[in-house]
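Here is a walk through one protein model and the ligands placed with it. Keep the structure open and follow along.

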Amino acid sequence: MADLNRARLTVLSGPSGVGKGTVVAEVRRRHPEVWVSVSVTTRAPRPGEVDGEHYWFVDRESFDHLLDNDGLLEWAEYAGNRYGTPRGPVEEQLRAGLPALLEIELQGARQVRERAPEAQLVFLAPPSWAALVSRLAGRGTEHPEVQERRLALAQAELDASGEFDVVVVNDDVARAADELVGLLTAPPPAGP
Ligand SMILES: Nc1nc2c(ncn2[C@@H]2O[C@H](COP(=O)(O)OP(=O)(O)O)[C@@H](O)[C@H]2O)c(=O)[nH]1
Ligand SMILES: Nc1ncnc2c1ncn2[C@@H]1O[C@H](COP(=O)(O)OP(=O)(O)O)[C@@H](O)[C@H]1O
């Protein structure tokens, strides 16, 4: 995957439960060299989530300290928790001429678009609303009331999919992963 060696920033967004984590895991299973940013979050870890691997799990005070010290490239409050991308590792990656992938929500994607207009914004969409509802429920990691909160946000996120450069439909994990790999290896648009 030598042609992945370009300093390109790619953002993957999409509603909770659409399969972002699953598709990114499949991409990394095939291409372990794909670098994915590890976010900080104030959300509690789910069973099986490992600190420093899925997220850096921090308290609100540590999060705000990072934020106040310009340590975050972007951040957002989502369903009652804060999430942010540590700035240093992403900048290091891009400075080294290597691509970086961020898996973040809509408000964060908008901040990246403003700060790094050359970034590639990819939206992962469900094949249908019913599929999204059943995936979120089927994952079984959130209480029904938290699922409801996430589905309310999902509707607004789906409405904003037109702001993204590309929409990938997660009908099938292998197919969606193929498409994402294609985007990660596509040459960036010619500069001015
Ligand atoms: N803006 C922003 N969003 C993030 C970041 N990390 C994760 N998210 C998003 O926050 C939302 C909630 O994440 P999470 O609680 O892990 O739920 P899940 O995506 O449904 O598994 C998802 O849309 C993530 O993509 C980040 O660093 N910044
Ligand atoms: N293409 C797909 N078809 C069917 N189920 C899927 C697909 N992609 C993901 N899932 C399932 O949907 C649920 C949510 O996926 P997850 O990756 O946790 O979503 P996200 O990270 O976007 O919140 C998981 O139980 C996962 O196994």
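**Two ligands and a sheet**

An oxygen atom of ligand 1 is 2.7 Å from an N or O atom in the side chain of S39. This is a predicted model, so read every distance here as a property of the prediction. S16 makes a similar kind of approach: a polar atom of its side chain lies 2.6 Å from an oxygen atom of ligand 1. E105 deals with a nitrogen atom instead. A polar atom in the side chain of E105 is 2.7 Å from that nitrogen of ligand 1. How much of ligand 1 does the protein bury? Taken alone, ligand 1 exposes 560 Å², and 96% of that is buried by the protein.

Now widen the view to the shell. There are 19 residues around ligand 1. The nearest are S16, S39, R43, Y55 and Y83. Sorted by class, the shell around ligand 1 holds 8 charged, 6 polar and 5 nonpolar residues. Two strands deserve a look here. β4 and β5 (81–86) each give at least two residues to the shell of ligand 1. As for location, ligand 1 sits in the largest pocket.

Those strands lead to the sheet. It is an open sheet of 4 strands, in the order β3-β2-β5-β4, and its pairing is mixed. Which strands stand at the edges? They are β3 (56–57) and β4 (72–78). Each has a single partner strand, so one side of each lacks a neighbour in the sheet. Look next at β2 (residues 40–41). β2 and β3 run parallel, joined by 2 bridges. Within this pairing, V40 has W56 of β3 as its bridge partner.

Move on to ligand 2. The space taken by ligand 2 is also described as the largest pocket, the description given for the site of ligand 1. Around ligand 2 there are 14 residues, with G17, K20, G21, T22 and R139 coming nearest. Two of these contact oxygen atoms. A polar backbone atom of G21 is 2.9 Å from an oxygen atom of ligand 2. R139 uses its side chain: one of its polar atoms lies 2.8 Å from an oxygen atom of ligand 2. D171 offers a polar backbone atom, 3.4 Å from a nitrogen atom of ligand 2. Taken alone, ligand 2 exposes 560 Å², of which the protein buries 72%.

Which helices help form this shell? α1 (20–30) and α5 (129–139) each supply at least two residues around ligand 2. The largest share, 3 residues, comes from α1. By class, the shell around ligand 2 has 6 polar, 5 charged and 3 nonpolar residues.

To retrace the path, start at S39 and S16 beside ligand 1. Cross the sheet along β3-β2-β5-β4. Finish at G21 and R139, among the nearest residues to ligand 2.

How values were computed:
Residues numbered from 1 in each chain as written. Chains lettered and ligands numbered in written order. Predicted model: local features only at pLDDT ≥ 70, side-chain atom pairs only at ≥ 80, totals over all residues. Heavy atoms only, no water. Near = heavy atom within 4 Å. Polar contact = N/O pair within 3.5 Å; in protein donor to acceptor, adjacent residues only side chain to side chain. Areas by Shrake-Rupley, 256 points an atom, 1.4 Å probe, with all protein chains shown as cover. 1 Å grid on protein atoms, 1.4 Å probe; cavity = no way out; pocket = protein on both sides within 12 Å on 5 of 7 lines; lining within 4 Å. Sits in = over half its atoms within 2 Å of the grid points. Nonpolar A, V, L, I, M, F, W, Y, C, P; charged D, E, K, R; others polar. Pairing = 2+ DSSP bridges.
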